[in-house]
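Here is a friendly walk through a protein fold, taken one helix at a time. Please keep the viewer open as you read, so that you can find each residue as it comes up.

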Amino acid sequence: MGFWHIVLWELLGTAALILLGAGVVANTVLRGSLGHQGGWLLVNIGWGFAVFVGASIAAPSQAHLNPAVTIGLFTAGDLPVAEVPAYLTGQFAGAFLGAVLCWLTYKLQFDAHDEPENTLGIFATGPVHRNLPWNLVTEVIGTFVLVFWILTSPGAKVETGGLPQFGNAALGYAAVAFVVISIGASLGGPTGYAINPARDLAPRIAYAVLPIRGKGDPDWGYAWVPVVGPLLGAVLAGLLARVLPT
């Protein structure tokens with residue numbers, strides 16, 4: 001695939017992912033929204049289906065949407081190094097765009113919200129108990145589950161005798177959505193399960209520059225955790241997938 005082909009479709013897919021993912025958080029957090037106080041389950045489901053929508057849009061680029069997925073595939077030997085920069089460019093640019101679109105959608109709710117200093121969580125993740133080494137471990141584990149599943153998930157094939165075996169391929173991108181919902185429900189409590197460096201860093205930058213009334217600090221001291229943790233988890237998943245027998 002060409003560089004700009006990858007950039008375009010990863011940008012569009014990741015923008016949709018963040019628009020809908022940050023959007024469901026905004027809907028539950030911001031007073032004056034119909035989904036206010038919808039709860040953690042609504043957030044998990046919203047993010048899961050945001051992955052489904054974003055991945056479906058980005059199908060022409062194989063729908064990575066996540067630098068951790070890209071790095072995991074590269075580590076496992078399933079992606080040429082020449083394509084990595086294109087994927088990362090599209091993902092980070094798309095995540096920034098999606099965050100801006102989310103803010104535009106909820107502009108009136110942001111203006112009316114009575115705790116504007118506590119709105120960073122709409123755009124980026126943060127820990128319940130701030131302990132950076134352990135927060136890093138949480139992000140490593142969550143991302144490892146996601147990337148290892150992607151690398152080892154059974155695909156479609158034809159067995160001896162011509163019988164098709166569709167594996168998880170029969171579910172399409174919905175299968176990944178189910179995994180993301182599962183990770184959020186089971187492992188997302190400690191840090192908000194970034195499991196995607198672009199999903200966290202680019203919207204955090206958007207939060208820092210957008211004219212949100214009374215907004216809080218972007219918390220740059222924590223910002224490296226949801227970048228480094230997912231990348232470490234992805235590398236570990238890629239290395240393990242590479243050495244396992246097939």
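The paragraphs below look at one helix and its buried residues, then a loop, then two helix crossings. Please bear in mind that this is a predicted model.

Let's begin with helix α2, which covers residues 40-57. How far apart should the ends of its 18 residues be? At 1.5 Å a residue the helix should span 26 Å, and its end C-alpha atoms are indeed 26 Å apart, so the expected and modelled values agree. Now look at which of its residues are buried. They are Val 43, Asn 44, Gly 46, Trp 47, Gly 48, Ala 50, Val 51, Gly 54 and Ala 55. As you trace them, it helps to recall that an α-helix has 3.6 residues a turn, so residues three or four places apart point the same way. What do the buried residues of α2 pack against? Their partners are three helices: α1 (3-29), α8 (174-187) and α9 (197-209).

Next, step back to the loop between α1 and α2, where you will find Ser 33. Is Ser 33 buried or exposed? Its relative accessibility is 10%, and since buried means under 20%, Ser 33 counts as buried. Setting aside neighbours within four places in sequence, Ser 33 is in contact with Ala 26, Asn 27, Tyr 106 and Gln 109.

α9, one of the partners of α2's buried residues, also packs with helix α4 (residues 84-105). The axes of α4 and α9 lie 8 Å apart, at an angle of about 50 degrees. That angle makes α4 oblique to α9, and the crossing is right-handed. On the α4 side, Gln 91, Phe 92, Ala 95, Phe 96, Ala 99 and Val 100 take part. They meet Pro 197, Ala 198, Leu 201, Ala 202, Pro 203, Ile 205, Ala 206 and Val 209 in α9. By type, the residues of this contact are 13 nonpolar, one polar and no charged.

Our last stop is the pair formed by helix α3 (residues 67-75) and helix α7 (residues 132-152), whose axes come within 10 Å and cross at roughly 55 degrees. That makes α3 oblique to α7, and α3 passes α7 in a right-handed crossing. Here Ala 68, Val 69, Gly 72 and Leu 73 of α3 meet Thr 143, Val 147, Ile 150 and Leu 151 of α7. Sorted by type, the contact has six nonpolar residues, two polar and no charged.

Methods. Residues are numbered from 1 along each chain as its sequence is written. This is a predicted model: local features need pLDDT of at least 70, side-chain atom pairs count only at pLDDT 80 or more; totals for chains, interfaces and linings use all residues. Side-chain values use heavy atoms; hydrogens and water are left out. Axes are lines fitted to C-alpha atoms, for helices over the stretch in contact, and angles run from 0 to 180 degrees between N-to-C directions. Helices (H or I, at least four residues) and strands (E, at least two) are DSSP runs, numbered from the N terminus. Angles under 35 degrees count as roughly parallel, over 145 as roughly antiparallel, 65 to 115 as roughly perpendicular and the rest as oblique. A crossing is left-handed if the near helix is turned anticlockwise from the far one by less than a right angle, and right-handed if clockwise. Contact means heavy atoms within 4.5 Å. Ala, Val, Leu, Ile, Met, Phe, Trp, Tyr, Cys and Pro count as nonpolar, Asp, Glu, Lys and Arg as charged, and the others, Gly among them, as polar. The expected span of a helix is 1.5 Å times one less than its number of residues. Buried means under 20% relative accessible area, exposed over 50%, partly exposed in between (1.4 Å probe, protein chains only).
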